[in-house]
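I opened a new structure today and kept notes as I went. The entries below follow the order in which I looked things up.

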Amino acid sequence: MFGTCLNIAHIQPSSQIYGPGDRFVIWLQGCTLACKGCWNTAMWPHKANQLIEREELIKEIIAERDIAGITLLGGEPLQQTNNLYWLLESLSESSLDVMLYTGYELTELASMPVAQQVLAHVDILVAGRYREELRNPSLLWRGSTNQKIHFLSPKYDRTIIKECNQVEIHIDEFGGLVELGYPEEC
């Protein structure tokens, strides 16, 4: 859709609430799943938002020191599979682990060949649509109880899950506040 650019909604170069350790977090723009109650509706349109050449994004990620890995969410990351696959394949020789959020269920992903290629580079997958009626603000890394955490590599396992709600507040260089996570009230 945008050539070799990823359509980005937001980047947080350092966060500690979207996976284990300090992480480079990327919200991808565009999602057609439209889960009822989603609090990222501004990330639904597939219109160009912040287009970043994938090679430039790799440089930004590698330049970030002391991160354990990257986390991809959105929007729906698996609606930009070709560039996402290229990004993860390019990072596969690094020591960074990968956590991916998707609204798709595992059964849906099984019929998506490109998604399967992407998942080959993912260590932790959070899968399933957000279901407003199953919202639970006490869950680690997810918003509703139907969303499941899958450990796709041996790097991590379920022992790292300590259910709790996490919220993170960043102050940018202009004094603006960015609130991340799953606050009790949206």
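These notes go from the sheet to its helices, then to single residues and salt bridges.

**Entry 1: the sheet**

I noted at the outset that this is a predicted model. I began with the strands. I found 7 of them in an open sheet, with mixed pairing. Their order reads 3-1-2-4-5-6-7. Which strands stand at the edges? I found strand 3 (50-53) and strand 7 (148-151) there. Each has a single partner strand, so one side of each is left without a neighbour in the sheet. I also checked the twist: neighbouring strands are turned by 30 degrees against each other on average, direction ignored.

I then looked at one pairing. Strand 1, residues 5-15, runs antiparallel to strand 3, and 4 bridges join them. I picked out cysteine 5 and found its bridge partner in strand 3 to be glutamate 53.

**Entry 2: two helices on the sheet**

I turned to helix 1, residues 54-63. This helix packs on the sheet and touches strand 1, strand 2 (23-28), strand 3 and strand 4 (69-74). I read an angle of about 85 degrees between the directions of helix 1 and strand 3.

Helix 2 (residues 81-91) came next. I saw that helix 2 lies across strand 1, strand 2, strand 4 and strand 5 (97-102). Against strand 4, helix 2 runs at about 170 degrees.

**Entry 3: histidine 121**

I located histidine 121 in the loop between helix 4 (113-119) and strand 6 (124-127). Is histidine 121 buried or exposed? Its relative accessible area is 19%, so histidine 121 counts as buried; the cut-off is under 20%. I looked up what surrounds this side chain. Leaving out residues up to four places away in sequence, histidine 121 touches Tyr85, Leu88, Glu89, Ser92 and Val98. With glutamate 89 I found a polar contact, side chain to side chain, at 2.7 Å.

**Entry 4: salt bridges**

How many salt bridges does the structure hold? I noted 6, and I followed up some of them.

Lysine 59 pairs with glutamate 56, with 3.5 Å between the closest N and O atoms. Both lie in helix 1, 3 residues apart, about one turn of the helix. Lysine 59 is exposed at 53% relative accessibility, while glutamate 56 is partly exposed at 41%.

Arginine 129 and glutamate 108 meet at 2.8 Å, N to O. Arginine 129 sits in the loop between strand 6 and strand 7, and glutamate 108 in helix 3 (residues 106-109), so this pair ties together parts 21 residues apart in sequence. I marked arginine 129 as partly exposed at 25% and glutamate 108 as partly exposed at 26%.

Arginine 131 forms a salt bridge with glutamate 133, the closest N and O atoms being 2.8 Å apart. Here arginine 131 is partly exposed at 38%, and glutamate 133 is exposed at 56%.

**Entry 5: glutamine 147**

I ended in the loop between strand 6 and strand 7, where glutamine 147 lies. Its relative accessible area is 11%, so I entered glutamine 147 as buried. Valine 126 is 21 residues away from glutamine 147 in sequence, yet their C-alpha atoms are 6.6 Å apart. Beyond four places in sequence, glutamine 147 touches Val126, Ala127, Gly128, Arg129, Tyr130 and Arg142. Which backbone nitrogen does the side chain of glutamine 147 reach? I found the one of glycine 143, at 2.9 Å.

Conventions:
Residues numbered from 1 in each chain as written. Predicted model: local features only at pLDDT ≥ 70, side-chain atom pairs only at ≥ 80, totals over all residues. Heavy atoms only, no water. Pairing = 2+ DSSP bridges. Helix = DSSP H or I, 4+ residues; strand = E, 2+ residues; numbered from the N terminus. Axes fitted to C-alpha atoms, helices over the stretch in contact; angles between N-to-C directions. Contact = heavy atoms within 4.5 Å. Buried < 20%, exposed > 50% of the residue type's maximum accessible area, 1.4 Å probe, protein only. Polar contact = N/O pair within 3.5 Å; in protein donor to acceptor, adjacent residues only side chain to side chain. Salt bridge = Lys/Arg side-chain N within 4 Å of Asp/Glu carboxyl O.
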